[in-house]
2 protein chains.
Amino acid sequence: MGTNQLYKGSLATIVLKLLEEKGRMYGYQITQEVKAISDGELVITEGALYPMLHKLEAQGLLTVETEMAGNRMRKYYSITHDGQKEVVYRMAELEAFIRQMQSLLNPRIELA
Amino acid sequence: MGTNQLYKGSLATIVLKLLEEKGRMYGYQITQEVKAISDGELVITEGALYPMLHKLEAQGLLTVETEMAGNRMRKYYSITHDGQKEVVYRMAELEAFIRQMQSLLNPRIELA
DNA sequence: ATGTTTGCATAAAATACTTAGGTATATGGG
DNA sequence: CCCATATACCTAAGTATTTTATGCAAACAT
C-alpha cells in the first residue's frame, strides 16, 4: 500500500466499508476500485487482499458466492449482518483514531 | 496501543512530533504524556517504545543525552535537523492518509 | 516490609503486509 | 500466430511492527 506506513491496520476497514456500500464485489474488482478512487495512490496488493478476504469470511463477516464470467472464476463477497455491525465499530474506531491523532499532533491546549 | 488496529504504523510519527513540540523528553515521560493527552485511550507499551527510540536514533532522527535524576538514569531524546524534515514528511503523510480514508469511506461521488 | 511507580531494557510470539512466485483465461497489437 | 498485458484466483517466504512477557533497579507510599 505504497510507502505510507499508516495504512497498516486499515485494510479490513476499507474492505468491509467498500462492500457495505457496493453490496457485492470480487477481489480483483476491489483492488481496481480502490486504486481508481485514490487516483492510484492507494494500491492494495493481492498478497494482502486475498488472505484478508479469507480471514473476514472465516470470521463470519463476509460470505462468498462463486460465479463464472465466461470461462473465468469470480468470487463475489458480500457483507453479513455481523459484518455490518463490524463496519459500525470500525468506523467509530477510525473517527476515534483521527480525533486522537489531531489532538496529539495539533495540540491546542497546553497540559499542566 | 489498545485494541484499535489503526494505530499500527503511527508510533514513529507520534514520537517524532511530540519531541518536535516538547523539545526534549525521556521514554517513560512519552508514555505518560501520550496517555494523559488521550485520556488513557492511547497506551504506548514500553516494549514498542524503546526499540523505536533506538531505531530513530540509529537513523539520525533523534539524539540522546543521558542524565541522572537523583540516582536514577534518564535518557532524554531530542529531534535532529533530519528529524525535523522527517516530521514534515510524516505530517504530510498523515494528512494524505486521513484524506484518502475520508474519500474512500465517505464517498460523495459515484464512480463509473 | 511490601507493593506501586518510575525508568531503563530485551526477547519470543503474534500480526500485518510486501515481495515473489504460481496457475489459467482473455484480449489486443504486430 | 505470438506475445505482452490484463483479468482472476492463490500461497509462501521474508520483513516490519507491535504485544506479551520478562528482567533489573531506585524511589516512594502504606
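Q: What is the area buried between chain B and chain A, and what share of that area do carbon and sulfur atoms give?
A: In this predicted model, the area buried between chain B and chain A is about 3,500 Å², and carbon and sulfur atoms give 66% of that area. Buried area here is the accessible area (1.4 Å probe) that two parts lose on being put together, summed over both. L6(B), L104(B) and L105(B) supply 20% of the area that chain B buries against chain A, more than any other three residues. Residues are numbered from 1 along each chain as its sequence is written, while chains are lettered from A and ligands numbered from 1 in the order in which they are written. Local features need pLDDT of at least 70, side-chain atom pairs count only at pLDDT 80 or more, totals for chains, interfaces and linings use all residues, and side-chain values use heavy atoms, with hydrogens and water left out.

Q: How many residues of each chain take part in the contact?
A: Contact means heavy atoms within 4.5 Å. By that rule, 37 residues from chain B and 37 residues from chain A take part.

Q: Which polar contacts and salt bridges does the search find between chain B and chain A?
A: Five residue pairs (both at pLDDT 80 or more) are in polar contact across the interface. Such a contact is a pair of N or O atoms within 3.5 Å; within protein, one must be able to donate a hydrogen and the other to accept it, and residues adjacent in sequence count only if both atoms are side-chain atoms. The count of salt bridges between chain B and chain A is zero.

Q: Which helix of chain B gives the most residues to the side that touches chain A?
A: Helix 4 of chain B gives the most, with 13 residues. Helices (H or I, at least four residues) and strands (E, at least two) are DSSP runs, numbered from the N terminus.

Q: What makes E65(A) and R24(A) a salt bridge?
A: A salt bridge is a side-chain nitrogen of Lys or Arg within 4 Å of a carboxyl oxygen of Asp or Glu. The closest N and O atoms of E65(A) and R24(A) are 3.0 Å apart, so the pair meets the rule. The pair links distant parts of the chain, 41 residues apart: E65(A) is in strand 2 (residues 62-69) of chain A, and R24(A) is in the loop between helix 1 (11-22) and strand 1 (25-26) of chain A. R24(A), E65(A) and E67(A) are linked in a network of salt bridges.

Q: Why is E65(A) called partly exposed?
A: Buried means under 20% relative accessible area, exposed over 50%, and partly exposed in between (1.4 Å probe, protein chains only). E65(A) has a relative accessible area of 40%, and therefore counts as partly exposed. R24(A), at 31%, is partly exposed as well.

Q: Why is R90(A) called buried or exposed?
A: The relative accessible area of R90(A) is 11%, so this residue is buried. Its salt-bridge partner E86(A), with closest N and O atoms 3.1 Å apart, is partly exposed at 21%. E86(A) and R90(A) are four residues apart in helix 4 (residues 81-105) of chain A, and are therefore separated by about one helical turn.

Q: How do you know that strand 2 and strand 3 of chain B pair?
A: Two strands pair if DSSP finds at least two bridges between them. Strand 2 (residues 62-69) and strand 3 (residues 72-79) of chain B have eight bridges, in the antiparallel sense, so they pair.
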